[in-house]
Amino acid sequence: MADSAPPVAAKERREPAATVAKKAALVAKLIQTSKHLIAFTGAGVSTSAGIPDFRGPDGNWTLRAQGKPRTKAADTLKAIPTASHMALVELQNHGFLKYLISQNCDGLHRRSGILPERISELHGNSNRETCKGCGKEYLRDFRAVASYKHSDHDHRTGRKCALCNGDLHDSIINFGEDLPEPALSLAKEHAREADLCLVIGSSLTVTPANEIPEMVGGRRSGKLVICNLQQTPIDSLCEVRVFSEGDMFMQSVMEQLGLTIPGFILRRHLSVKVERQEEERYRVTVGGIDTDGTPMSFLQSVRLEGSRRVARSEPFMLLWRDPLRDGDVLQLELEFMGHYNEPKLRVDHEHGDEDETIYVLEFDPLTGVWAANKEI
């Protein structure tokens, strides 16, 4: 598909702000009356985060067709989710958005707060790898992508599964490869149920992902809304067609709905287990997890106050050699990957009879402040 991009990009069109606002009002009414809203996103949803698209005037494939070097992109690990990303999270949290299908590999939808059970990342996620042996997923706060040294289809990352020691594979879908069946099946299932599909930032030219919005717009009972600067092959199926940047359009939609687009907060879930091994000897295991329990790597080191050792690799295990009673506090110092310049954080873990305690860690990149609370 990269070779199919023309050296001259399709013309972009931007409607006046007043026109976008009128169309946003129509879309807000469609959202309010919808029973099963799905969203479909492409590279255009991330451009305001500094991540270039593919087929725009400065898109990577357009520049390649012109024989020019790629546009310098923001580091996806440091990129802040856009207003469009955060608007979709708010629609999810208020019960409007039932499912999200994305063609993007930048990981921003998951980082922004879209729940893992509410998204199909059809082309993969550069922060996610999977064991082909047992199916266990791992989320990383680093690029979990193979080197492709031997082949574009050799997806081994070089890491091993903590459960079965099988090879871990990245989740990126390269050209000529089939889309992941579970993600595609769920996307089609929700498309069949959807009465409204909202497309943001996609030219809808890459198959078979582009068939998802068409499934909704092609039905008499379904309504299709597309917000994209360039024309798409299925514009004629639209109930509402908007030529605008996604952020401008979604800000207007949310205003019409009376909803505020939240600022980005980096949320992490921390698991702490304290296991008694023998008299006055305990093993403390600390690690990151996603909301569904998927192991997540976001720590560089863990230090336990009173212990001489600093754990610097997963699993982060430390020994406590003094008596522990219910109510005693273990002070944990956490060091993060630091993509958003996160400072170290101290978590005071109160010992009790729980086998595992989960903490929700929230970091505001604007203030540089952490907050930690026990999950209820």
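Here is a quick tour of one helix, several strands and an annotated group of cysteines in this structure. You're looking at a predicted model, where local features need pLDDT of at least 70 and side-chain atom pairs count only at pLDDT 80 or more, while totals for chains, interfaces and linings use all residues. Residues are numbered from 1 along each chain as its sequence is written, and side-chain values use heavy atoms, with hydrogens and water left out. Helices (H or I, at least four residues) and strands (E, at least two) are DSSP runs, numbered from the N terminus.

**Helix α1**

- Helix α1 takes in residues 17-33, so 17 residues in total, and spans 25 Å from its first C-alpha to its last, close to the 24 Å expected at 1.5 Å a residue (the expected span is 1.5 Å times one less than the number of residues).
- V20, K23, A24, V27, A28, L30 and I31 are the buried residues of α1; buried means under 20% relative accessible area, exposed over 50%, and partly exposed in between, with a 1.4 Å probe and protein chains only.
- These buried residues sit on the same side of α1 because they cover an arc of only 160 degrees around the axis, the arc being that of the directions from the helix axis to the C-beta atoms.
- Flip to the other side of α1 and you'll find A18, K22, K29 and T33 exposed.
- What do the buried residues of α1 pack against? They meet β1 (37-41), β8 (196-200), β9 (223-227), β10 (240-242) and α7 (246-257), with contact meaning heavy atoms within 4.5 Å.

**Strands β1, β2 and β3**

- Strand β2 (residues 97-102) is mostly covered, with five of its six residues buried.
- β1 and β2 run parallel and are joined by five bridges; two strands count as paired if DSSP finds at least two bridges between them.
- T41 has S102 in β2 as its bridge partner.
- β2 also pairs with strand β3 (residues 119-121), again in the parallel sense, over three bridges.
- S102 has E121 as its bridge partner in β3.

**Strands β14, β17 and β18**

- Side chains alternate along strand β17 (residues 329-336): L330, L332, L334 and F336 point to one face and are buried, whereas V329, Q331, E333 and E335 point to the other and are not.
- Strand β14 (residues 299-304) runs antiparallel to β17, and five bridges join them.
- One pairing to look for is L299 with F336 in β17.
- β17 is also joined to strand β18 (residues 345-350) by six bridges, and these two run antiparallel.
- Here L332 stands opposite V347 in β18.

**The annotated cysteines and T130**

- An unreviewed UniProt entry carries a "binding site" annotation on C131, C134, C161 and C164; UniProt positions are given in the numbering used here, feature names are shortened, and annotations may be inferred rather than shown by experiment.
- Though spread over 34 residues of sequence, these cysteines cluster in space, with a largest C-alpha distance of 8.6 Å.
- C131 belongs to strand β4 (residues 128-131) and is buried, at a relative accessible area of 2%.
- C134 lies in the loop between β4 and β5 (137-140) and is partly exposed, at 42%.
- Not counting residues up to four places away in sequence, C134 touches C161, L163 and C164.
- With neighbours within four places in sequence left aside, the contacts of C131 include C161 and C164.
- T130 is also in β4, and T130 is buried, at a relative accessible area of 18%.
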